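Reader: Please take me through one part of this model closely. I want the part where the two chains meet, and then whatever adjoins it in the description.

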Amino acid sequence: MHRNHVLIAMDAHTIAQGARSVRDALKRELEMASLSNEVKVVETGSLGIYNKGVVLVVFPDDVYYAGVKIEDVSEIIAEHFIKGRVVERLRYTDIPEAEEVKEVGAAPRFGKQVRVVLKNAGVIDPESIDEYIAHDGYEALGKALTEMKPDDVIDEVKKSGLQGRGGAFFPTGLKWSFAAAEESDQKYIICNADEGEPGTFKDRLILEGDPHCVIEGMVLAGYAVGATQGYVYIRGEYRMSIDRLNRAIKQARANGLLGENIFDSGFSFDLEVREGAGAYICGEETALIESIEGKRGEPRDKPPFPPSVGLWGKPTIVNNVETLANIPQILLRGSDWYRAMGTEKSPGTKVFTMVGNINNPGLIEVPMGITLREIIYDIGHGIPGGKGFKLAQMGGTTGGILTEEHLDLPMTVESLREIGAGLGSGALLVVDDRQDVVELVENFVEFFDHESCGKCTLCREGNGRLLELLRRINNGKGRLQDLDLMEDLAMTMMKGAFCGLGQAAPIPILGCLKYFRDDFVKKIETAETALAA
Amino acid sequence: MKTLADLRAIKEKAKQEMAAREQSATYRISVAMGTCGIAAGARNVMSAILDEMSKRGVQDTSVSQTGCLGYCDQEPMVQVTGADKNTITYGKVTPEIARSIIADHVQGGKVLTENVFNMS
């Protein structure tokens, strides 16, 4: 038993800022002060505080320290742990007040944030299965395996209205029912953790902060559709997620939560990690399946869809990390509880990563239906340097363009679909009024040109030609008719490209041409005038 | 693990360890740890308290430390605050008395009258 627990955030951001050496110094100096049996150092996932260096929280005092360096450790120990005085110099106070949760079973709130998927991130030690279990972990699995039939599980997920959080927002329960209806000697569950969308890092932080909830979600999915084997396909660059996931899988096996006859129910399920090699296209589910099979990552013809013919020709469910992380909560607390959050057509919460020109970038979880204004100005604390808002791109590089007129639009699947945008992967890029839109678009297209797998002509050539046109405009050699040419090409790609990559790549280009055509025109005309003079 | 009961057993044990992070404890124990307190043996008192709590599986109780209370000759001093917000202050606490505080006061609800520090 310990009197104090010090939680140190260990995610890729804090580690880059020296969290490991601070942790080591903390442990060493606590040992030297003979306090290691009184003060416990616990590593946890992201605490949601960014760009503030290494972050610690001391419990039960609930004191946050930010920007902690190795040389500060001895002061924290001497002052806080020996004398009981807070080191004000390092104290971080910009913590949104956690609202008193009156309703039984309600999700914890942090200001406008509601945490379902992230409820354990920054709260538990992700390397300890016991701490996950202490926070209701594996209880949903126990309940489902001992009290529910597979069809009941699918029904509950269907009733919850959960939609796939990878970006397509396909109803998860419906997808499961397709695979469940297939007769097959073998079915598979794949967790898509090949998070390649620029600016998106939610899946990484979910896996780093709470790997067991994804494992539990996968076992539940397996039980629901009758699959016994799972794969987590994860970006090879996500070293820490891979390590934590592998450790969590080992712990789950040791506790009988993966393997043969789980909870004495006769149901068996096991899973393995497969690392991706850095291709954006492998986030597309059929290209991902090809990659697991050891082939070149190229999309397959659809239909048949993976729930009928997937990995090695067997029925396969591919779900995103965040989707699976929602599953245990839905089964434990029920679909009504889940539907109470968000809107009628878009229930639940969504995890967003905020990047770009914003004061408080990082990872947030909010109920569906929140407005862009609330996200940017209330949670994100607005745009730095008092600059104006120019545009936001919602959903990663393939995301739609949102402008001032959309600031009060509720962020739901249906409202964004209406204006030709989408929630996508949940990356929110905020751009202030100093930025050059034409250069921004060139940057997007450069990415697609590089990541196009080359299988179909429209995507391979289309992105290449778009890039040429944009470079020409940015180099002062553009012509006004280039804009129509770009639009025409973009529309053709949207209609004719083989897979989601080529179909979605033109979305931000068309969006920028629609809302900021003047910027393009001005750039072309300024260059023409300069040339003439 | 084969049953929900097995799972709940792990859960209870893990929750007890994690209870140190809660602020909503019924009892809050604070050990005075100024220079005077430490010199008089407050560190051993603290260890005894934590050890006894873990032996007895005491939950819902947080332990913290505080500075000198201004009665240096009465150190080591331990304060116990109950749910009713009443604080009992003990003086000249030995590790043995500390263990009794956990057993009798925190668990049994009975104040150790003869060890209570009387300010008058």
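Author: What follows starts at the contact between the chains, moves into the helices behind it, and ends with the second chain.

This is a predicted model. It scores ipTM 0.78 and pTM 0.83.

Start with the contact itself. On one side are 26 residues of chain A, and they are in contact with 26 residues of chain B. Which elements of chain A give two or more residues to that side? They are strand E1 (4-9), helix H3 (70-83), helix H4 (129-134) and helix H5 (139-147) of chain A. H4(A) has the largest share, four residues. By class, the side of chain A that touches chain B has nine nonpolar, eight polar and nine charged residues.

Now take one residue on the other side, B:Ala20. B:Ala20 sits in the loop between helix H1 (4-18) and strand E1 (27-32) of chain B. Which residues does B:Ala20 touch, leaving out those up to four places away in sequence? From chain A come A:His2, A:Arg3, A:Asn4, A:His5, A:Phe59 and A:Pro60. From chain B comes B:Ser62. Is B:Ala20 buried or exposed? B:Ala20 counts as buried, because it has 22 C-beta neighbours inside 10 Å, and the cut-off for buried is 20 or more. A distance helps to place this residue within its own chain. B:Met46 is 26 residues away from B:Ala20 along the chain, and their C-alpha atoms are separated by 14 Å.

Back to chain A, at the loop between H4 and H5. A:Tyr138 lies in that loop. Its phi is positive, about 65°, although A:Tyr138 is not a glycine. A:Tyr138 is also buried, because 28 C-beta neighbours lie inside 10 Å.

Next comes H5(A), one of the elements on the side that touches chain B. H5(A) also packs on helix H12 (residues 321-333) of chain A. The angle is about 60°, and the axes are 8 Å apart. The two helices are therefore oblique to each other. H5(A) passes H12(A) in a left-handed crossing. Which residues meet there? From H5(A) come A:Glu139, A:Ala140, A:Lys143 and A:Ala144. From H12(A) come A:Pro328, A:Leu331 and A:Leu332. By class, that contact has five nonpolar, no polar and two charged residues.

A second helix pair in chain A is described in the same terms. Helix H6 (residues 150-160) of chain A and helix H7 (residues 172-181) of chain A have axes that come within 7 Å and cross at roughly 155°. Why does that make H6(A) roughly antiparallel to H7(A)? The angle is roughly 155°, and angles over 145 count as roughly antiparallel. The crossing of H6(A) and H7(A) is left-handed. H6(A) brings A:Pro150, A:Ile154, A:Val157 and A:Lys158 to the contact. H7(A) brings A:Thr172, A:Gly173, A:Leu174, A:Trp176, A:Ser177 and A:Ala180. The classes are six nonpolar, three polar and one charged.

The loop between H6 and H7 of chain A holds A:Phe169. A:Phe169 has a positive phi of about 55° and is not a glycine. A:Phe169 is buried, with 21 other C-beta atoms within 10 Å.

Each chain has a cis peptide bond to report. In chain A, a cis bond joins A:Lys302 and A:Pro303, with omega about -5°. A:Pro303 is in the loop between helix H11 (285-292) and strand E10 (316-320) of chain A. In chain B, a cis bond joins B:Glu75 and B:Pro76, with omega about -10°. B:Pro76 is in the loop between E2 and strand E3 (78-81) of chain B.

Last, chain B as a whole. Chain B has four helices and four strands. Their order along the sequence is α-β-α-α-β-β-β-α. The C-alpha trace spans about 60 × 25 × 25 Å along its principal axes. Of the 120 residues in chain B, 38% are buried. Among contacts in chain B between residues at least 6 apart in sequence, 68% join residues at least 24 apart.

Confidence closes the account. The average pLDDT of chain B is 85, and 97% of the residues score at least 70. Among the elements of chain B, strand E2 (residues 61-66) has the lowest mean pLDDT, 81. Helix H4 (residues 95-107) of chain B has the highest, 92.

Technical notes: Residues numbered from 1 in each chain as written. Chains lettered and ligands numbered in written order. Predicted model: local features only at pLDDT ≥ 70, side-chain atom pairs only at ≥ 80, totals over all residues. Contact = placed C-beta atoms within 7 Å. Nonpolar A, V, L, I, M, F, W, Y, C, P; charged D, E, K, R; others polar. pLDDT = per-residue confidence, 0-100. Buried ≥ 20, exposed ≤ 12 C-beta atoms within 10 Å, placed from the backbone. Axes fitted to C-alpha atoms, helices over the stretch in contact; angles between N-to-C directions. Left-handed = near helix turned anticlockwise from the far one by under 90°. Parallel < 35°, antiparallel > 145°, perpendicular 65-115°, else oblique.
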